[in-house]
Amino acid sequence: KTSFLKEWWESGDSVTLITRPRRFGKTLTLSMAEHFFSVKYAGEGKLFEGLSIWQEEKYRQLQGTYPVISLSFANIKEKNYQTVREKIGLLLTNLYVKYSFLKESEVLTDTDRAFFDRMLSVDVRDSDATLSLYQLSDYLYRYYGKKVIILLDEYDTPMQEAYVNGYWEELVGFTRSLFNSTFKTNPYLHRGL
């Protein structure tokens, strides 16, 4: 599967959507991409030794060099919109907790820290939630000096539940706003998958 990383990287696409059947390996592929590109795994190249991606020096040099935001909507399977929004809010809060080191860095302004605090609150409002990945991309870009890679798994799970349980219109509006700011109008995005 590491050949996918090379193919994806060389495609130059800013955002890639993988539509494949269940059990095809989409989650595994996203996990592999995170382990390959994320600064969190810098120096962990041994994971890729002997695999096709490791044969070329330029890819060995890429390993562990990008800030990566990775999240999954796999566990958001609720019967009503309010609970879905609460769970997405908690997921985003947990993501901000993961990057809490940014809050103390000099790259954030007081206004940025106020946004960060709102993301760490129990009840994240819609306007903050829909901008949360955009803002986090900006913070990571300022901190690392490099645009981010965003990996989103199971993006469609809450949408399927919304369709089945009758709150499609509410969730579509929220999701459209979140995805627009994250993947379409995000100047801090290098690649999305």
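In this predicted model, helix 6 is followed by G145, a residue whose phi is positive, near 70°.

Helix 6 covers residues 126-144. At 1.5 Å a residue, its 19 residues should span 27 Å, and the end C-alpha atoms are 28 Å apart, which agrees. The helix nevertheless has a kink of about 50°, centred on S132. S132 is itself one of the buried residues of helix 6, which also include D128, A129, T130, L133 and Q135. Further along, L136, S137, D138, Y139 and L140 are buried as well. The elements that cover these buried residues include strand 1 (68-72), helix 4 (81-98), helix 5 (110-119), strand 2 (148-153) and helix 8.

Helix 6 also takes part in an aromatic pair. The structure holds 20 aromatic pairs. In one of them, the ring centres of Y134 and Y188 lie 5.7 Å apart and the planes meet at 70°; because an angle over 60 degrees counts as edge-to-face, the pair is edge-to-face. Distant parts of the chain are linked by this pair: Y134 belongs to helix 6, whereas Y188 lies in the loop between helix 8 (168-184) and strand 3 (189-192), 54 residues apart. Y188 has 19% relative accessibility and therefore counts as buried, since buried means under 20%.

Elsewhere, ring pairs join W8, W9, F36, F37, F48, W54 and Y66 into a cluster. Two rings of this cluster, those of W8 and W9, have the charged end of R191 over them, as the table shows.

| Charged residue | Ring | Distance from ring centre |
|---|---|---|
| R191 | W8 | 5.5 Å |
| R191 | W9 | 4.5 Å |

Note on methods. Residues numbered from 1 in each chain as written. Predicted model: local features only at pLDDT ≥ 70, side-chain atom pairs only at ≥ 80, totals over all residues. Heavy atoms only, no water. Phe/Tyr/Trp six-rings, centres within 6.5 Å; stacked < 30°, edge-to-face > 60°. Helix = DSSP H or I, 4+ residues; strand = E, 2+ residues; numbered from the N terminus. Buried < 20%, exposed > 50% of the residue type's maximum accessible area, 1.4 Å probe, protein only. Lys NZ or Arg CZ within 6 Å of the ring centre and 35° of its normal. Expected span 1.5 Å × (residues − 1). Bend = angle between axes of the 7 residues up to and from the residue. Contact = heavy atoms within 4.5 Å.
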